[in-house]
Amino acid sequence: KREHKRPVRVYMDGCFDLMHYGHANALRQAKLLGDQLVVGVVSDEEIVANKGPPVLSMEERLTLVSGLKWVDEVIPNAPYEITEEFMNTLFKKYNIDYIIHGDDPCLLPDGTDAYELAKKVGRYKQIKRTEGVSSTDIVGKFNTPTVRIYHTLYTGRILLTFKHKDADDIDEKVEVKPNDELKTSIMPLCCIIEQYAHMHSGSFAIARVVYLDGSFESFPTLGMVEILRVLDNLATFFLWVSTDDQSIRDRRGHRPIMHLHERTLSVLACRHVDEVIIGTPWEVSKDMLDERVLQGKIDPYAVPKSMGIFKIITSPKSITSVSVATRIVDNHEAY
Ligand code: CTP
């Protein structure tokens, strides 16, 4: 008789503040080390004690983490340190087999390793940290006394034009220039794209399809995850990564912040996304509606409007990249 094997349950904890694609990539790798992924979202108090206040609240961080497709269960208010108490309580309660963390050091204020105990008892595994993106760096960039801060919440490249609230008092007008060199930290390997795309839920031929377009340079944002969650109840939806890099450059005057493949992976990381058309032109054309291929220019929605299948929806959350940036700048002393 074949013995029934219990699924391997892995646990990754973290602050997951200002969710970025490094977090998504960490959770993807963690899930590969087991069958079910439990994520501990560290409490506001523990983050304050160990690295200073988070920008996003526990509720906001939970929403973002739960929106990613590799996450099976979430534990709110998780501890920062893997203590004996954690091993005797939550670790057992959630049937956790291994604790996973990136290969960057995670130190407590006294300099000791937060995962020492898990390592000692052979319950620790490691994944590769994604270079070039970090919540700490993102917050740090907002704390410089520049009049204009060009910044992306996700890559450290240019996305927002943001005016510091003390801007008028500052003589030196510093502009942080875009990096000419776009550094990529996730390789667009087919096997990685497959892992991002693997939760495809079915055939578009039989599904009611909702198209939602965007450049998705700062995905996942809280507002986006919320709107996708609402739409998910309405239909299977088919989401395209707007616009090829050249179309973005034509419209904005600068190249996109994230490569097309980074934008594609960021969108695919969200559990509410079924499919992505990679690198579409700007306008939704008749051909694209028939064949699911995009073409055209000017009003991108002229065709779907004329066909009466265009709808504007309101996000349940008003939070945007700009309001998060405002939150950071307004509280810059605390961070
Ligand atoms: N992580 C990662 N790659 C990144 C950032 C984080 O693999 N670029 C991993 C961390 O190693 C950790 C998990 O994501 O296992 C949750 O990280 P979190 O505690 O939110 O991140 P920090 O590393 O503290 O955050 P930061 O982004 O500020 O560096």
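Modeller: Let's start with a definition: two strands count as paired if DSSP finds at least two bridges between them. Keep in mind, too, that this is a predicted model.

Biologist: Thanks! Over how many bridges do β4 and strand β5 pair?

Modeller: Strand β5 covers residues 124-127, and its pairing with β4 is parallel. One of the matches puts His101 opposite Gln126 of β5. Pairing needs at least two bridges, and for β4 and β5 the number of bridges is 4.

Biologist: In which sense do β1 and β4 pair?

Modeller: Met12 has a bridge partner in β4, namely Ile100. Altogether, 3 bridges link β1 with β4. The sense of this pairing is parallel.

Biologist: What is the bridge partner of Met12 in β2?

Modeller: β1 and β2 also run parallel, and 6 bridges join them. Among the residues matched in this way is Met12, whose partner in β2 is Val39.

Biologist: The chain crosses from β1 through α1 to β2, so is this β-α-β crossover right-handed or left-handed?

Modeller: Picture the strands pointing away from you, and follow the path from the first strand over the helix to the second: if that path runs clockwise, the crossover is right-handed. Here the path leaves β1, passes through α1 and arrives at β2, and the crossover is right-handed.

Biologist: Why is strand β2 largely enclosed by the rest of the structure?

Modeller: Strand β2 spans residues 36-42, which gives it 7 residues. A residue is buried if 20 or more other C-beta atoms lie within 10 Å of its own. Strand β2 is largely enclosed because the buried ones among its 7 residues number 6.

Biologist: In β3, what is the bridge partner of Gly40?

Modeller: Strand β3, residues 73-78, pairs with β2 in the parallel sense, and there are 4 bridges between them. At one of the matched places, Gly40 meets its partner in β3, Ile75.

Biologist: Let's turn to the ligand. Which element gives the most to the shell around the ligand?

Modeller: The ligand is surrounded by 16 residues, and Gly14, Gly22, Ala26, Gly102 and Ser135 are the closest. Four elements, β1 (9-14), α1 (21-32), β4 (98-102) and α7 (135-142), each supply two or more residues to this shell. With 3 residues, the element that gives the most is α1.

Biologist: By class, how many residues in the shell around the ligand are polar?

Modeller: Glycine is counted as polar in this scheme. The shell has 5 nonpolar and 2 charged residues. The number of polar residues in the shell is 9.

Biologist: Is Val133 buried or exposed?

Modeller: Val133 sits in the loop between β5 and α7. Its C-alpha atom is 7.8 Å from that of Tyr21, although 112 residues separate the two along the chain. With 23 C-beta neighbours inside 10 Å, Val133 is therefore buried.

Biologist: And how many residues apart in sequence are Ala269 and Trp70?

Modeller: Ala269 belongs to the loop between α11 (260-268) and β10 (275-280). It is buried because 22 other C-beta atoms lie within 10 Å. From C-alpha to C-alpha, Ala269 and Trp70 are 8.0 Å apart in space, while their separation in sequence is 199 residues.

Biologist: Here is one about the backbone. What is the phi of Asn77, which is not a glycine?

Modeller: Asn77 is part of strand β3. It has 13 C-beta neighbours inside 10 Å, so it counts as partly exposed. Its phi is positive, at about 55 degrees.

Biologist: Finally, over which residues is the pLDDT below 50, with 77 contacts beyond near neighbours in sequence?

Modeller: The average pLDDT of the chain is 73, and 57% of the residues score at least 70. Where pLDDT is low, the predicted coordinates should not be read in detail. One stretch with pLDDT under 50 is 291-298, which has 23 contacts beyond four places in sequence. The stretch you ask about, with 77 such contacts beyond near neighbours, is residues 145-182.

Technical notes: Residues are numbered from 1 along each chain as its sequence is written. This is a predicted model: local features need pLDDT of at least 70, side-chain atom pairs count only at pLDDT 80 or more; totals for chains, interfaces and linings use all residues. A residue is near a molecule or strand if its C-beta atom, placed from the backbone, lies within 6 Å of it. pLDDT is the predictor's confidence in each residue, from 0 to 100. Two residues are in contact if their C-beta atoms, placed from the backbone, lie within 7 Å. A residue is buried if 20 or more other C-beta atoms lie within 10 Å of its own, exposed if 12 or fewer, and partly exposed in between; C-beta atoms are placed from the backbone.
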